[in-house]
Amino acid sequence: WKHTMKPEGEPGSRNLPKFTMTLNELFEDERATICPTDTRLRPDQHFLEVGQYSKANDEKLRVEQKQRAARKAAEQGEGYKPKWF
């Protein structure tokens with residue numbers, strides 16, 4: 001094992017080694033075969049990876065508000081119908 005230097009000055013590096021930063025890397029040939037709910041497709045995840053923390057937080061809040069609204073509608077009897085089961 002040999003220690004490798006962490007990338008310096010790269011936005012979004014969060015002091016992580018290059019190997020760790022590339023774990024979420026998505027290749028174009030994978031896009032057609034992965035599940036649409038794969039976390040690598042999440043916009044907030046992408047914003048975090050490139051160091052745009054404010055945009056990542058805004059996107060995360062948007063998704064959470066949408067989920068809360070859907071849950072509230074289901075609890076009020078507006079008809080939650082499972083998609084598959």
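1. Aspartate 44 is buried in this predicted model, its relative accessible area being 8%. Because buried is the word for residues under 20% relative accessible area, aspartate 44 with its 8% earns that label. The residue is found in helix H2, and once its neighbours within four places in sequence are left aside, aspartate 44 is in contact with Ala56, Glu59 and Lys60.

2. For a reader new to the structure, the overall layout may help at this point. The protein chain has three helices and zero strands, and, read along the sequence, it follows the pattern α-α-α. Helix H1 covers 18-21 and helix H2 covers 43-49, while helix H3 takes in residues 53-75.

3. Turning to the chain as a whole, buried residues account for 12% of the 85 residues, and aspartate 44 is one of the residues that count as buried. The accessible surface of the protein chain comes to about 7700 Å², and 55% of that surface belongs to carbon and sulfur atoms. Of the contacts between residues at least 6 apart in sequence, 27% join residues at least 24 apart.

4. Where does glutamate 25 lie? Glutamate 25 is placed in the loop between helix H1 and helix H2, and with a relative accessible area of 40% it is partly exposed. Not counting residues up to four places away in sequence, glutamate 25 touches Glu30 and Arg40. Its separation from histidine 46 can be given in two ways, since the two residues are 21 residues apart in sequence and 9.6 Å apart in space, taken from C-alpha to C-alpha.

5. Arginine 40, one of the residues touched by glutamate 25, also takes part in a salt bridge, in which its side chain meets that of aspartate 38 at 3.0 Å, N to O. How do the two partners stand with respect to exposure, buried or partly exposed? Arginine 40 is partly exposed, with a relative accessible area of 25%, whereas aspartate 38 counts as buried at 18% relative accessibility.

6. The structure holds eight salt bridges, and two of them, described here and in the next point, lie within helix H3. In one, glutamate 64 is paired with lysine 60, the closest N and O atoms being 3.3 Å apart. These two residues are four residues apart in helix H3, about one turn of the helix. Glutamate 64 counts as partly exposed at 24% relative accessibility, and lysine 60 counts as partly exposed at 34%. Lysine 60 is also among the residues in contact with aspartate 44, the buried residue of the opening point.

7. Further along helix H3, the side chains of glutamate 75 and arginine 71 meet in a salt bridge, at 3.2 Å from N to O. Here again the partners both lie in helix H3 and are four residues apart, about one turn of the helix. Glutamate 75 is exposed, with a relative accessible area of 59%, and arginine 71 counts as exposed at 58% relative accessibility. Salt bridges that share partners, on the other hand, join Glu30, Asp38 and Arg40 into one network, and two members of that network, Glu30 and Arg40, are the residues that glutamate 25 touches when residues up to four places away in sequence are not counted.

How values were computed:
Residues numbered from 1 in each chain as written. Predicted model: local features only at pLDDT ≥ 70, side-chain atom pairs only at ≥ 80, totals over all residues. Heavy atoms only, no water. Buried < 20%, exposed > 50% of the residue type's maximum accessible area, 1.4 Å probe, protein only. Contact = heavy atoms within 4.5 Å. Areas by Shrake-Rupley, 256 points an atom, 1.4 Å probe, with all protein chains shown as cover.
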